[in-house]
Amino acid sequence: MNKKVLIAISGGVDSSLAAHCLLKNGYDVIGLFMQFFSFGQRRDLEKAAAVAARLKIPLSALDLRDDFQDQVIKYSNREYAFGRTPNPCIVCNQKVKFKHLLKKAEELSADYISTGHYARVEYDADKKGFFLKQGVDNSKDQSYMLSGLNRQWLSRIIFPLGGYTKNKVKALAKKLNLEGCNSPESQDICFSDRGKDLCPGPIIDKQNNILGSHNGISHFTIGQRKGLGIAGREPLYVTRIDGKRNAVLVGNRKEIEQDELSAGGLNWLTPERPCFPFRAQVKIRYRHPKSWATVFRLAKDRVNVKFDLAQSAVTPGQTAVFYDQEIVLAGAWIE
């Protein structure tokens with residue numbers, strides 16, 4: 001019998017082609033549409049159903065709006081209120097999307113789960129374990145967003161697009177006439193209304209001079225320059241967000257550079273852990289390039305990271321992800 005795979009299908013190009021790849025590789029494929037929020041998803045469900053019909057696979061829908069609200073939206077609002085910049089995609093993957101995919105897979109007796117993420121899971125026979133690796137397309141690699149996954153889940157996950165570039169995926173989807181091949185990217189759509197309940201407050205410099213006002217601290221992040229609505233003798237950047245005072249602090253570029261950080265909630269993704277201190281390449285944001293650093297242990301799940309070169313806009317609430325070349329070693333929350 002063919003191995004059975006449950007794949008999350010959104011109706012977009014990535015999940016559509018991922019499902020096609022699974023079929024081509026001989027898997028018995030079942031589609032699952034996951035509803036996370038109320039607006040705009042009827043059309044997405046229609047597109048997902050069209051994809052499933054074209055590929056001749058069954059599709060069911062799962063209403064996750066309540067769990068998404070509790071685990072992701074409330075978390076994001078709390079982070080904004082405390083002056084941190086949340087990373088909702090990592091939390092969603094960790095606490096909602098993959099958790100429910102695995103639960104549904106158990107119900108359907110599926111061997112594996114799958115998504116359209118640009119990443120790879122590979123088994124190393126010598127080390128006798130599964131590893132999460134970057135996708136081959138550096139511009140679309142999503143391994144950073146998957147750094148919160150439970151290491152035990154990796155043996156059950158297939159990422160069919162990890163070896164493809166985005167351009168190749170689009171070309172193949174167009175050739176196969178799959179629904180969604182011309183759809184726009186949907187990243188962050190579920191957070192377009194962020195900060196609607198937050199209040200205006202001051203924009204101040206390090207001397208506590210009021211330079212202007214903001215319409216909610218959730219609209220700002222460390223290192224931000226545009227959209228401040230203030231002018232100075234030199235370019236000004238957001239250096240800190242003070243949740244207690246509901247204030248945005250600004251300063252010059254040098255003030256947003258630092259050569260170390262602390263992070264907690266360390267989540268290991270490899271079968272074996274390196275001995276502290278260890279060298280790694282570290283990403284401090286999804287779009288931030290990896291930078292060499294030495295990682296020191298502070299406590300059981302806390303680390304101190306000392307960079308070889310100062311980094312710009314280290315942001316509390318974001319995730320530091322540690323790499324050994326293509327392999328994701330671990331992720332931790334920047335404090």
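**Exercise 1. Which residue of S14 stands opposite Gln281, and how do S13 and S14 run?**

Step 1: Gln281 stands opposite Trp292 in S14. Helices (H or I, at least four residues) and strands (E, at least two) are DSSP runs, numbered from the N terminus. A quick heads-up: this is a predicted model, where local features need pLDDT of at least 70, side-chain atom pairs count only at pLDDT 80 or more, and totals for chains, interfaces and linings use all residues. Residues are numbered from 1 along each chain as its sequence is written, and side-chain values use heavy atoms, with hydrogens and water left out.

Step 2: S13 and S14 run antiparallel and are joined by five bridges. Two strands count as paired if DSSP finds at least two bridges between them.

Step 3: S13 also pairs with S16, in the antiparallel sense over three bridges. Here Lys283 has Val321 of S16 as its bridge partner.

Step 4: Check the cover on S13 (residues 278-283): five of its six residues are buried. Buried means under 20% relative accessible area, exposed over 50%, partly exposed in between (1.4 Å probe, protein chains only).

**Exercise 2. Trace the pairing of S15 with S14 and S12.**

Step 1: Strand S14 (residues 291-299) runs antiparallel to S15, with six bridges joining them. Ala299 sits opposite Arg302 in S15.

Step 2: Two residues lie between S14 and S15, which form a hairpin.

Step 3: Strand S12 (residues 257-268) pairs with S15 (residues 302-312), again antiparallel, over six bridges. Leu261 faces Val305 there.

**Exercise 3. Work out the strand order of the open five-stranded sheet and place the helices on it.**

Step 1: The order is S3-S2-S1-S4-S7, with parallel pairing.

Step 2: Strand S3 (59-63) and strand S7 (157-158) each have a single partner strand, so one side of each is left without a neighbour in the sheet.

Step 3: At the S7 edge, S4 (residues 112-114) pairs with S7 in the parallel sense over two bridges. Ser114 has Ile158 as its bridge partner in S7.

Step 4: Now add H1, which packs on the sheet and touches S1 (4-8), S2 (28-35), S4 and S7. The direction of H1 makes about 170 degrees with that of S1. Helix H2 (residues 41-55) touches S2 and S3, and makes about 175 degrees with S2. Axes are lines fitted to C-alpha atoms, for helices over the stretch in contact, and angles run from 0 to 180 degrees between N-to-C directions.

**Exercise 4. At what angle do H1 and H5 pack, and which residues make the contact?**

Step 1: H1 (residues 13-24) and H5 (residues 166-176) pack at about 70 degrees, with axes 10 Å apart.

Step 2: The two helices are therefore roughly perpendicular. Under 35 degrees would count as roughly parallel, over 145 as roughly antiparallel, 65 to 115 as roughly perpendicular and the rest as oblique.

Step 3: H1 brings Val13, Asp14, Leu17 and His20, while H5 brings Lys166, Val169, Lys170, Leu172, Ala173 and Leu176. Contact means heavy atoms within 4.5 Å.

**Exercise 5. Is Ser15 buried or exposed, and what does Ser15 touch?**

Step 1: Ser15 belongs to helix H1. Its relative accessible area is 6%, so Ser15 is buried.

Step 2: Leaving aside neighbours within four places in sequence, Ser15 is in contact with Ile7, Ala8, Ile9, Ser10 and Gly116.
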